[in-house]
Amino acid sequence: MAANKGAGPQVIDISKLNLEQLTTLKNQLDQELQFFSESLQQLKIAQLKFNESGECVEKLTPETKGKEILVPLTSCMYVPGTVANSEKLLIEVGTGYYIERDVPGAKDYFSRKIKFVTEQMEKIQKIASEKSKLREVVMDMMEMKLDQQLAVIQQQQAVAGKMGEGMVA
Amino acid sequence: MGPGALQKKLEEEVEAYKKIQKDISKTSGLRTQLDVQLNENKVVKEELDLINEENVVYKLIGPALIRQDLEEARQNVSKRVDYIQQEIKRHGNTIEKLEKEAEAKRENIAKHQQQLQQMMMKQAAK
């Protein structure tokens, strides 16, 4: 089986690699897959958070103005209050910047973010499955090489056995 | 050069090579960090470009949210994006230079190792 490592700048015929190099390659692929799965998880968490924020914004309609709410002062202390402004929302956009937007603008921001994160997740998923396939191929090659080596050893043992018999006789 | 001196020189070269490798990975790490910062700032720039004058912009300075002028915020972020891009290019050049040095060191080390081996064989033959 002469499988190629990949259509990149370097095409290595993995059937030419010995067992040690194949193990190194497999470990490298394992590490990359681990990294991808961690990244995917983080993206999923980000997606959930944006989703939640978007749903919260949906709840904030003009009718909620003046309604009673509980305002958190610390992580275990709340204070009763009323909704003062149900039109303007402060959104954190990164690097310490906060932007004030109205409800439709905020909804638009969150749906854009969710779309962006979903696109990134799809990209990573594609690359991760390619690497996974590559890892499968490498492992198959390793098994084959191992079988070959075992066969050679068994053959050598058989020959040595015959020679021993010949000498004894 | 006797084998003892050659051996010592070889060890020095290997040490220097290891140091270059460490520098390369340190600079690579910095460069990755800069990439992350660049992306974050690009996102902020996009958002600032989408809004208009009636949306207020605040910046978190310490524990306080300070109101910012939209134009000023846009310029600040633009300048930061440019600066980070420059830094990334600079680090990229440093990495390239270090890798060339590492390559040269590798060849040097291989050459010295060969010399040492030949010397050892000659001595053993005597």
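User: Which residue's side chain meets that of Lys131(A) in a salt bridge?
Analyst: A salt bridge is a side-chain nitrogen of Lys or Arg within 4 Å of a carboxyl oxygen of Asp or Glu. For this pair the N to O distance is 2.8 Å. The partner of Lys131(A) is Glu32(A).

User: How far apart in sequence are the parts that Lys131(A) and Glu32(A) tie together?
Analyst: Helices (H or I, at least four residues) and strands (E, at least two) are DSSP runs, numbered from the N terminus. Lys131(A) is in helix H2 of chain A and Glu32(A) in helix H1 of chain A, so the parts tied together are separated in sequence by 99 residues.

User: What pLDDT do local features need here?
Analyst: Residues are numbered from 1 along each chain as its sequence is written, chains are lettered from A and ligands numbered from 1 in the order in which they are written, and side-chain values use heavy atoms, with hydrogens and water left out. This is a predicted model, where totals for chains, interfaces and linings use all residues, side-chain atom pairs count only at pLDDT 80 or more, and local features need pLDDT of at least 70.

User: What is the relative accessibility of Glu32(A)?
Analyst: Buried means under 20% relative accessible area, exposed over 50%, and partly exposed in between (1.4 Å probe, protein chains only). Lys131(A) counts as partly exposed at 24%. Glu32(A) also counts as partly exposed, because its relative accessibility is 24%.

User: Which residue of chain A forms a salt bridge with Glu47(B)?
Analyst: Glu47(B) lies in helix H1 of chain B and its partner in helix H2 of chain A, so the pair joins two chains. The N to O distance is 2.8 Å. The partner is Arg112(A).

User: Is Glu47(B) buried or exposed?
Analyst: Its partner Arg112(A), at 25% relative accessibility, counts as partly exposed. Glu47(B) has a relative accessible area of 3%, so it is buried.

User: Which residues does one network of salt bridges join in chain B?
Analyst: The salt bridges in this network share partners. The residues joined are Lys45(B), Asp49(B), Glu71(B) and Arg74(B).

User: How much area do chain A and chain B bury between them?
Analyst: Contact means heavy atoms within 4.5 Å, and 15 residues of chain A are in contact with 21 residues of chain B. Buried area is the accessible area (1.4 Å probe) that two parts lose on being put together, summed over both. Carbon and sulfur atoms carry 56% of it, and the total is about 1600 Å².

User: Which three residues supply 41% of the area that chain A buries against chain B?
Analyst: No other three residues supply more of this area. They are Thr95(A), Tyr97(A) and Tyr98(A).

User: Which element supplies the largest share of the largest nonpolar core?
Analyst: A nonpolar core is a set of buried Ala, Val, Leu, Ile, Met, Phe, Trp, Tyr and Cys residues joined through side-chain atoms within 4.5 Å. The largest has 22 residues, and those with the most contacts inside it are Tyr97(A), Leu48(B) and Val57(B). Among the elements that each supply at least two residues are strand S4 of chain A and helix H1 of chain B. The largest share, six residues, comes from H2(B).

User: What relative accessible area does Glu13(B) have?
Analyst: Glu13(B) lies in helix H1 of chain B. Leaving aside neighbours within four places in sequence, Glu13(B) is in contact with Lys105(B), Asn108(B), Ile109(B) and His112(B). Glu13(B) is buried, because its relative accessible area is 10%.
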